[in-house]
Amino acid sequence: MDHSNFPAVWAAVGPGVSGAVFGAAWWFWVDAVVCSAAAVPFLHYLPGLFASFAALMFNCVKREDINDNYYSPYDDSEWRLKLWLFISYVVSFVSLAAAVGFLVQDALTNAGPSTWTGIAGVLQTVFVLIRGRPHRNHALHFGISDSKTKNKLEQPCVLLLVTAAFAAISAREHRIFPLPSQGSCAWKIDIKFVRSKLRFSGAVHRARPPGRELMKGKGGALDRRSSARWRVLVLCAFSFGLGMLFTNRFWTAPDTSNHIMSQRRRQDQELQLVSEDCNTKRKHGADKDIMGEVTRTHEAIQLLDKSISTLQMELAAKRSTLELVRKGVPVTSETSQPRKKAFVVVGVNTAFSSRKRRDSVRETWMPQGEKLLQLEEQKGIVIRFTIGHSATSNSILDKAIDAEDAQHHDFLRLDHVEGYHELSAKTKIFFSTAVGIWDADFYVKVDDDVHVNLGMLATTLARHKSKPRTYIGCMKSGPVLADKNLKYHEPESWKFGEDGNKYFRHATGQIYAISKDLATYISINQPILHKYANEDVSLGSWFIGLEVNHIDERNMCCGTPPDCEWKGQAGNVCVASFDWSCSGICKSVERLKDVHARCGEGDSSVWSALI
């Protein structure tokens with residue numbers, strides 16, 4: 001079946017159909033009012049009036065103004081139209097409910113209008129509301145697109161219409177009221193003219209005997225009946241014309257050309273929105289690509305800078321070695337043999353008298369035996385206790401260290417005379433010796449009374465692997481102590497200005513890390529690097545004047561429990577833990593196991609660390 005000409009056909013017949021339905025609606029009501037044996041209260045008129053008003057509200061909105069599948073962010077009037085339609089639906093349903101209520105009231109009470117008046121009111125309301133139904137589908141205008149929901153909106157009208165018809169049939173079968181048998185009960189009324197008012201009323205002649213009306217002759221009651229009949233016909237014709245006027249005035253039948261233009265306009269707006277959205281996404285994608293390129297370029301520059309720095313240090317080391325050979329200084333085997341690749345070399349600073357401390361470290365965070373070798377081979381993490389020799393050659397202290405090393409194989413012997421006031425010199429020698437044996441990315445110095453989580457240490461250092469000349473630790477700037485009676489007295493305090501001045505920024509001495517290029521720099525320039533009383537101050541002074549990245553890593557100086565324990569529970573596992581008051585863990589031999597149990601990361605963490 002061809003539906004292409006339907007819009008044009010409907011443009012011709014649609015207003016007439018709507019007007020006929022509207023006229024029929026008011027015909028029912030006028031017929032019922034005229035035939036009513038009792039006066040119809042004004043309240044019974046309200047459902048029909050409000051239904052007509054709701055129909056008028058429906059026809060104030062054109063189909064082109066609302067589209068079910070279209071939304072424009074540039075038009076804020078659509079929601080007003082939907083609100084208008086919603087109010088019109090509320091008015092229509094309320095009027096329909098009121099008509100049904102009057103129908104029930106008329107059917108259940110003997111006083112007042114007849115049941116036919118209530119049914120006529122329901123029919124009037126229903127016909128007025130459905131008069132515009134062929135023109136519209138307002139259920140979609142509220143955002144309801146599924147057929148089930150639309151059917152739910154249509155069901156009340158259908159059910160009420162069926163109920164009214166069923167009530168009419170039931171009433172006629174039980175003789176509740178006489179339905180008009182001659183097309184209209186206007187043929188059985190008396191007209192009483194009221195001179196002061198231009199209205200009429202009638203009463204049904206139910207009890208008059210047949211033929212009594214004929215006794216009045218042709219000029220009396222029959223003339224009044226004819227006058228009433230013509231008034232009813234004129235009123236219905238007026239309702240028909242009013243329905244056509246509403247339809248033609250407020251609801252234009254669909255025009256094919258306008259509809260096509262509207263569709264094209266909406267399609268253009270949709271394409272514009274899609275294009276803007278694509279441009280926005282493309283712009284965001286381009287921004288992400290640009291930021292990614294900048295990040296990759298920055299990383300490449302850092303790697304190149306680090307490579308150049310390393311090459312420069314190695315070149316300087318080779319020159320230093322050649323200079324020693326020319327001067328006749330023998331080169332040690334450590335310098336001549338190939339270096340071992342590693343990620344980090346951890347030197348645990350210890351002393352002859354610290355055997356119990358070393359044992360507590362071995363029992364907690366430092367692997368032993370085969371695990372120590374596996375950690376070195378698989379993860380590139382080298383851990384050694386660093387110690388020099390005593391002032392007396394082959395003393396009992398040296399022999400004790402040799403025996404301990406033969407048992408555990410975890411010492412790095414330094415060409416250095418042990419002494420508390422020689423820590424700066426020991427630090428230089430440790431870095432120089434470690435650089436000569438291992439080609440590592442980082443070199444770490446840590447005291448033997450500090451708890452360390454190796455997995456977190458490796459993870460932290462890996463974040464800074466691409467940066468050149470890296471100096472990592474808990475940066476501080478303590479006061480320069482000029483008083484000779486204090487523990488950390490600085491004999492050269494005059495170099496730092498007036499009394500009360502502070503040191504330059506440097507990493508605290510309990511644990512710190514430096515990159516390979518800085519360790520190589522120390523190895524090359526070892527003879528001319530100045531030593532201050534405190535080894536952490538000395539290390540910081542060696543980097544003054546260099547392009548060094550000072551990284552303040554606060555996880556490398558956590559307190560002992562409960563501080564490190566709370567941080568671990570919060571997911572921020574510490575790299576190292578110690579007591580500031582003791583410059584290490586107070587009574588570390590007794591407490592290190594407890595600290596490890598409460599703040600340790602777990603034995604498997606170091607094996608799963610990403611390096």
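**Exercise 1.** The second largest cavity has a volume of about 50 Å³. Work out which elements give two or more residues to its lining.

*Solution.* Keep in mind that this is a predicted model.

Step 1: list the lining. Trp29, His44, Pro47, Ala99, Phe102, Asp106, Thr117, Gly118 and Gly121 line the second largest cavity.

Step 2: match these to elements. Helix 3 (78-108) and helix 4 (115-130) each give two or more residues to that lining.

Step 3: sort by class. You get four nonpolar, four polar and one charged residues.

**Exercise 2.** Find which element gives the most to the lining of the largest cavity.

*Solution.* Step 1: set the scene. The structure holds three cavities of 30 Å³ or more, and the largest cavity has about 70 Å³ of space.

Step 2: collect the lining, which is Gly347, Asn349, Thr386, Leu423, Lys426, Thr427, Phe430, Lys445 and Glu535.

Step 3: strand 1 (340-349) and helix 12 (423-437) each supply at least two of these residues. Helix 12 takes the prize, giving the most with four residues.

Step 4: by class, this lining has two nonpolar, four polar and three charged residues.

**Exercise 3.** Decide whether Ser390 is buried or exposed, then track down what its side chain reaches.

*Solution.* Step 1: place Ser390 in the loop between strand 2 (381-389) and helix 11 (396-408).

Step 2: the relative accessible area of Ser390 is 9%. Buried means under 20%, so Ser390 is buried.

Step 3: the Ser390 side chain reaches the backbone oxygen of Thr392 at 2.7 Å and makes a polar contact with the side chain of Ser395 at 2.5 Å.

Step 4: leaving out residues up to four places away in sequence, Ser390 touches Phe352, Ser395, Leu397, Asp398 and Val417.

Key:
Residues numbered from 1 in each chain as written. Predicted model: local features only at pLDDT ≥ 70, side-chain atom pairs only at ≥ 80, totals over all residues. Heavy atoms only, no water. Buried < 20%, exposed > 50% of the residue type's maximum accessible area, 1.4 Å probe, protein only. Polar contact = N/O pair within 3.5 Å; in protein donor to acceptor, adjacent residues only side chain to side chain. Contact = heavy atoms within 4.5 Å. 1 Å grid on protein atoms, 1.4 Å probe; cavity = no way out; pocket = protein on both sides within 12 Å on 5 of 7 lines; lining within 4 Å. Points joined across faces, edges and corners; volume = space filled by probe spheres on them. Nonpolar A, V, L, I, M, F, W, Y, C, P; charged D, E, K, R; others polar.
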